[in-house]
Amino acid sequence: MGALKALKAERRARVEQRHQENRVHVTVLAKNAVWALDFAEPWDLVDGRFGDLIAIRDLASRQQLAWEPVGDQTDVTAMATLRKLF
């Protein structure tokens with residue numbers, strides 16, 4: 001195993017151990033029953049103007065429903081993005 005892979009594996013093991021008590025296991029069988037939503041901050045502005053990203057994923061199908069630049073990380077932005085999916 002290369003040095004970089006070893007460091008990566010070691011770090012992952014430490015992170016998993018540290019967050020073990022926060023882990024929740026969810027089994028979703030029906031598509032579109034449970035979606036996960038998260039915001040992210042890119043290293044640089046997207047299209048020169050967006051400082052945030054929103055990701056929405058269907059947990060059963062593991063399909064990425066949305067992954068797009070947004071202007072902020074608010075509930076209004078989340079709801080607007082969700083409405084686009086219907």
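**Group meeting: a three-stranded sheet and two helices**

Among the elements of this chain, helix α1 has the lowest mean pLDDT, 86, and helix α2 has the highest, 96. What we are looking at is a predicted model. Over the chain, the mean pLDDT is 89, and 99% of the residues reach 70 or more.

I will take α1 to begin with. Helix α1 covers residues 3-18, which is 16 residues. From its first C-alpha to its last it reaches 23 Å, close to the 22 Å expected at 1.5 Å a residue. Is this helix covered or in the open? The number of buried residues among its 16 is 0, so α1 lies largely in the open.

Next, the sheet. It is an open sheet of 3 strands, in the order β1-β2-β3, and the pairing is antiparallel. Strands β1 and β3 stand at the edges with a single partner strand each, so one side of each has no neighbour in the sheet. From one strand to the next, the twist averages 10 degrees. As a reminder, strands of a sheet pair through backbone hydrogen bonds, either parallel or antiparallel.

Now the pairs in turn. Strand β1, residues 35-40, pairs with β2 over 6 bridges. One residue to find on screen is Ala-40, whose bridge partner in β2 is Leu-53. On the other pair, β2 is residues 52-58 and β3 is residues 64-70, and these two are joined over 6 bridges. There, Asp-52 stands opposite Val-70 in β3. The hairpin of β2 and β3 has 5 residues between the strands, and in it Arg-62 takes a positive phi near 65 degrees.

How many of the 7 residues of β2 are buried? The count is 6, and β2 is mostly covered.

That brings us to the core. Which residues make up the largest nonpolar core? There are 6 in all: Phe-39, Ile-54, Ile-56, Ala-66, Val-70 and Ala-78. Strands β2 and β3 each supply at least two residues of this core.

Phe-39 is worth selecting on screen. Leaving aside neighbours within four places in sequence, Phe-39 is in contact with residues including Leu-53, Ile-54, Val-70, Thr-77 and Ala-78. Its other contacts are Asp-72, Gln-73 and Thr-74.

Last, helix α2, residues 75-84, where we find Thr-81. Is Thr-81 buried or exposed? Thr-81 has a relative accessible area of 3%, and buried means under 20%, so Thr-81 is buried. What does Thr-81 touch, not counting residues up to four places away in sequence? Thr-81 touches Ile-54, Ile-56, Ala-66, Glu-68 and Val-70.

To close, keep two elements in mind: α1, with 0 of its 16 residues buried, and β2, with 6 of its 7 buried.

Terms used:
Residues numbered from 1 in each chain as written. Predicted model: local features only at pLDDT ≥ 70, side-chain atom pairs only at ≥ 80, totals over all residues. Heavy atoms only, no water. Pairing = 2+ DSSP bridges. Helix = DSSP H or I, 4+ residues; strand = E, 2+ residues; numbered from the N terminus. Expected span 1.5 Å × (residues − 1). Buried < 20%, exposed > 50% of the residue type's maximum accessible area, 1.4 Å probe, protein only. Core = buried A, V, L, I, M, F, W, Y, C linked by side-chain atoms within 4.5 Å. Contact = heavy atoms within 4.5 Å. Axes fitted to C-alpha atoms, helices over the stretch in contact; angles between N-to-C directions. pLDDT = per-residue confidence, 0-100.
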